[in-house]
Amino acid sequence: MNKTSRRNFLRNAALASTAVATGRGESSTAEPLVIRPNVLMICSDQFRADFVGINRQNPSVITPNIDALAARGTNFQFAVCNQPLCSPSRASFLTSRYATETKVWALEIELDHSLPTIATEFRKAGYSANFMGKWQYGWLPPGPTRGGFDDLWEGANITELVSHPDEGNYYADDGTDLHYHNEYRVDFTADRACAFIEKKHEKPWFLFLSQLEPHQQNDMNAFVPPERYAKDYQDAFVPRDLRNLPGDWRSHLQGYYGCVQAIDDSVGQLVASLQRSGQLENTVICFFSDHGCTFRTRIGEYKRSPHDSSIRIPLIFAGPGFDRGSTVSEVVSLLDLTPTLLDAAGISVPASMKGRPLKPMLELLEVRRNWQNAAYIQISQSVCGRAIRTADWTYACYDPTVVHGEAPWSKTYTDFALYSNAADPYQQVNLVGRPDFKATGNRLREQLRQMIIANGEPEPTITPAQFYA
């Protein structure tokens with residue numbers, strides 16, 4: 001069978017399975033058949049936005065596959081996470097609610113299972129909902145709930161605690177250990193995802209593939225690349241937000257670069273698998289990260305800070321509705337991820353979800369003009385803080401009386417940071433409290449205060465900084 005015949009055969013098979021799933025066959029005259037796209041959501045943990053080559057901020061980055069995805073799709077250049085910590089961020093983007101609303105404001109807290117998730121909504125619409133990789137939510141399958149991923153679940157709750165880059169435990173949903181050995185963790189997980197993609201599917205599928213890298217291997221205190229990249233990047237570019245600050249970037253950047261390139265390889269594998277199986281044209285692909293990486297340059301943390309190195313993430317969509325070869329400069333957040341993918345599949349977004357579908361912004365100038373160009377960010381387990389990120393400014397406050405940020409919220413905050421993202425894109429000069437920026441500080445402080453209230457948190461008092469006369 002030649003390539004064209006194979007593609008037509010697979011497309012016809014997809015049409016047939018869609019007709020079965022929707023209860024409509026070719027003889028139906030009630031309405032035209034709607035082909036529902038498959039959806040592939042790829043999360044790479046702790047992946048900085050400036051480590052995507054197409055963003056042109058880092059000349060040492062090698063990400064041809066991610067770049068190709070962005071070049072044919074839509075690249076949201078100023079996307080941020082709403083809580084820069086693994087579990088809270090994941091609970092937030094899967095439910096399109098802020099971390100405090102999900103109850104997962106810190107690590108090792110159970111999600112509020114009454115909330116709809118992206119998986120529950122895809123399943124209601126006749127999709128299979130499938131998960132592979134790093135989980136890190138409040139519950140551990142097998143159990144009473146898997147967040148709606150009830151068709152396939154495999155991986156580990158906290159991958160870095162049960163595995164290493166070249167060997168480790170990886171569990172099926174019945175608890176069976178699918179142990180891997182002498183294979184790089186990213187490659188192993190991607191191989192399993194490719195096998196899933198290329199098997200026969202009776203209905204449209206949604207797959208959430210969650211990779212650990214380039215997150216550090218905790219017990220080794222290192223970013224461990226695959227052997228094929230172990231000697232690369234010895235004299236790589238140092239991002240400008242890092243180079244003037246203390247931290248551990250000097251010893252860790254080389255490994256981080258190699259991990260990033262391994263993730264790019266896996267994206268190439270997945271796209272090739274979709275192409276081989278004739279599903280590429282009918283699959284929405286989303287590549288993103290749960291948060292960035294500061295290399296301990298900000299408040300001694302790898303994340304858990306309001307700085308761009310912590311909150312800015314890659315967010316790329318490709319496939320039906322997104323193949324526009326465009327870059328979007330508006331500020332969007334991971335709260336918008338689930339509504340965007342549901343909307344792309346023609347599924348109604350539950351009223352409980354607070355994010356906004358992004359595709360209408362690409363289609364209607366009016367939507368883009370009226371876009372609220374600001375994101376609300378919660379910080380915990382470092383400081384108990386809140387922040388707002390707009391196109392031009394970042395403003396943050398915190399409660400200095402909350403030790404290690406161990407509280408979901410506060411009623412009393414004080415100024416913490418103010419950065420001009422337009423004049424100081426690497427956030428080297430904190431302007432908080434300076435008289436020349438008093439009006440800007442007052443405006444952003446009140447805007448953030450209103451966001452806190454709108455989120456259902458206690459109405460706070462935010463005290464201006466008195467660092468300058």
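These are my notebook entries on what I looked up in this structure, which is a predicted model.

**Entry 1: two helices that pack**

I began with helix α2, residues 64–72, and helix α8, residues 249–276. At what angle do α2 and α8 pack? I found about 55°, with the two axes 7 Å apart. That angle makes α2 oblique to α8. Oblique is the right word because 55° falls outside the ranges for roughly parallel, roughly perpendicular and roughly antiparallel, and the perpendicular range begins at 65 degrees.

Next I listed who touches whom. From α2, the contact uses P64, N65, I66 and L69. From α8, it uses D264, D265, V267, G268 and V271. I then sorted these residues by class. The contact has five nonpolar, two polar and two charged residues.

I noted a rule of thumb beside this list. An α-helix has 3.6 residues a turn, so residues three or four places apart point the same way.

**Entry 2: empty space inside**

A probe the size of a water molecule, rolled over the atoms, shows where empty space is left. How many cavities of 30 Å³ or more does the whole structure hold? The search finds four. I looked at the largest cavity, which has a volume of about 90 Å³.

Its lining is made of 16 residues. Those nearest the centre of the largest cavity are G133, T159, Y170, R185 and T189. Which elements give two or more residues to this lining? I wrote down β3 (128–134), β4 (152–156), α7 (185–198) and β9 (205–214). The largest share comes from β9, with four residues. By class, I noted eight polar, five nonpolar and three charged residues in the lining.

**Entry 3: back to β9**

I stayed with strand β9, since P214 has its place there. The peptide bond between E213 and P214 is cis. Its omega is about 5°. I flagged this bond because most peptide bonds are trans.

**Entry 4: an enclosed helix**

Is helix α3 buried or exposed? I checked residues 86–95, and ten of the ten are buried. The helix is therefore largely enclosed by the rest of the structure. The buried residues are C86, S87, P88, S89, R90, A91, S92, F93, L94 and T95. After α3 comes S96. The phi of S96 is positive, near 55°.

**Entry 5: positive phi in a loop**

Most residues other than glycine have a negative phi. I therefore kept the exceptions in view. One is K103, with phi near 80°. K103 lies in the loop between α4 (99–102) and α5 (118–124). Its relative accessible area is 49%, so K103 is partly exposed.

Another is E108, whose phi is positive at about 60° although E108 is not a glycine. I found E108 in the loop between α4 and α5 too. At 71% relative accessibility, E108 counts as exposed. The cut-off helped me here: exposed means over 50%, so K103 at 49% stays in the partly exposed class.

**Entry 6: I347 and its contacts**

I347 sits in the loop between α10 (337–344) and α11 (359–363). It is a buried residue, at 12% relative accessibility. Which residues does I347 contact, leaving aside neighbours within four places in sequence? I listed E121, F122, A125, Y127 and L342. I also looked up S410, which is 63 residues from I347 along the chain. Their C-alpha atoms are separated by 36 Å.

**Entry 7: A417 in a strand**

A417 belongs to strand β17, residues 412–420. Its relative accessible area is 1%, so A417 is buried. Beyond its neighbours within four places in sequence, A417 is in contact with T394, Y395, A396, N430 and V432. I checked A417 against F223 as well. The two are 194 residues apart in sequence and 29 Å apart in space, C-alpha to C-alpha.

**Entry 8: E366 in α12**

My last residue was E366. It has its place in helix α12, residues 365–369. E366 is partly exposed, with a relative accessible area of 48%. How far apart in space are E366 and R386, C-alpha to C-alpha? I found 30 Å, for two residues 20 apart in sequence.

Terms used. Residues are numbered from 1 along each chain as its sequence is written. This is a predicted model: local features need pLDDT of at least 70, side-chain atom pairs count only at pLDDT 80 or more; totals for chains, interfaces and linings use all residues. Side-chain values use heavy atoms; hydrogens and water are left out. Axes are lines fitted to C-alpha atoms, for helices over the stretch in contact, and angles run from 0 to 180 degrees between N-to-C directions. Angles under 35 degrees count as roughly parallel, over 145 as roughly antiparallel, 65 to 115 as roughly perpendicular and the rest as oblique. Contact means heavy atoms within 4.5 Å. Ala, Val, Leu, Ile, Met, Phe, Trp, Tyr, Cys and Pro count as nonpolar, Asp, Glu, Lys and Arg as charged, and the others, Gly among them, as polar. On a 1 Å grid over the protein atoms alone, a cavity is a set of points where a 1.4 Å probe fits but cannot get out, and a pocket is an open set with protein on both sides within 12 Å along at least five of seven lines; lining residues have an atom within 4 Å of a point. Grid points are joined across faces, edges and corners, and a volume is the space filled by probe spheres set on the points. Buried means under 20% relative accessible area, exposed over 50%, partly exposed in between (1.4 Å probe, protein chains only).
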